[in-house]
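Welcome, and please open your viewer with the cartoon and side chains switched on. We will go from one selection to the next, with a short stop at each.

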Amino acid sequence: MNYKLSSSLVVLAMVASTVADMTAFTASVAEEQIDFSAYPWKAPGPNDLRSPCPGLNTLANHGILPRDGRDVSVPMIIEAGFKTFHIQADIAIRAGKIGMLTSHEAQTLSLDDLKLHGTLEHDASLSREDFALGDNLHFNEEIFSTLENSNPGSDYYNITSAGQVQHARLADSIQRNPNVTNTDLQAALRGIESALYLSVMGDPILGVAPKRFVQVFFREERLPIEEGWKRPSVPINTTSIGILAAQITKTADWKPTGDNCPAIVLSPP
């Protein structure tokens, strides 16, 4: 049975992390980035588990998170996200805690748990098919082509192109998926995810990211170090992400479809 929260409780759940939690976890993470040469990229094996999230998959493919995608804890996600992408604990704790709702375990999750529809996973993804239409777990080249081909004539993606891609992806889902879920919650998740790829692969303040970095990140789930990528020098936090996400969602001209009562699946079936 899937249990659901009302929209007000969703908000409370997302901000449930305490100041003490964030202080403790942030203090435990060294300010300097990791030595990426010690974490070479390796394609996942047939028994390794991966998620619908290219960021977490990238961390696992480099061995910064467990390469098998199993027994991943919230502190692991916080440390890996900070050292690799300069993502602050205020973002990672909230995402990690909500992600734990997809797991049967008390303290860890497997990356493929995150494919559970209705928690963090959502329709109109940038790189995955809708749950009701097929494979919502693995990268889909046709779906990704909308993002790949955006902002033509330029070598970067930006806030405007990100919003246009969101608009196009949602229109496609609405046309093809009679069971599409498109509420305030999905709009918020999609805006945050677009803000994140622009931030971790580019400039967290301007919201601009080189196309070559973003394409490697999504397609290969690899840190584009060979292409010249470096860890962002500016910390990525809820404030910076919120500013970008709001602008992206405004550009996307988002409107709810059907019942706009946000709900989140509280546990695996």
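Start by selecting the buried residues of helix 7 and whatever covers them: the cover includes helix 6, strand 1 (156–157), helix 8 (184–200) and helix 10 (238–252). Keep in mind that this is a predicted model. The buried residues to colour on helix 7 are Ile 159, Ser 161, Ala 162, Gly 163, Val 165, Gln 166, Arg 169, Leu 170 and Ser 173.

Now show helix 7 from end to end, residues 159–176. Its 18 residues reach 26 Å from the first C-alpha to the last, close to the 26 Å expected at 1.5 Å a residue. Zoom in on the N-terminal end, where Asn 158 acts as the cap. A side-chain oxygen of Asn 158 lies 3.2 Å from the backbone nitrogen of Thr 160.

Next, pick Ile 143 in helix 6 (residues 141–148). Is Ile 143 buried or exposed? With a relative accessible area of 6%, Ile 143 is buried, because that value falls under the 20% cut-off. Beyond its neighbours within four places in sequence, Ile 143 has contacts that include Arg 169 and Arg 176, along with Ser 125 and Leu 126. Try a distance label too: Ala 124 is 19 residues from Ile 143 in sequence, and their C-alpha atoms are 9.0 Å apart.

Last stop: display helix 8 with helix 10. They pack at an angle of about 115 degrees, with axes 8 Å apart, and the crossing is right-handed. Among the contact residues are Ala 187, Gly 191 and Leu 198 of helix 8, and Ile 241, Leu 244 and Thr 249 of helix 10. Coloured by type, the contact residues divide into nine nonpolar, four polar and no charged.

Definitions and conventions: Residues numbered from 1 in each chain as written. Predicted model: local features only at pLDDT ≥ 70, side-chain atom pairs only at ≥ 80, totals over all residues. Heavy atoms only, no water. Helix = DSSP H or I, 4+ residues; strand = E, 2+ residues; numbered from the N terminus. Buried < 20%, exposed > 50% of the residue type's maximum accessible area, 1.4 Å probe, protein only. Contact = heavy atoms within 4.5 Å. Expected span 1.5 Å × (residues − 1). Polar contact = N/O pair within 3.5 Å; in protein donor to acceptor, adjacent residues only side chain to side chain. Axes fitted to C-alpha atoms, helices over the stretch in contact; angles between N-to-C directions. Left-handed = near helix turned anticlockwise from the far one by under 90°. Nonpolar A, V, L, I, M, F, W, Y, C, P; charged D, E, K, R; others polar.
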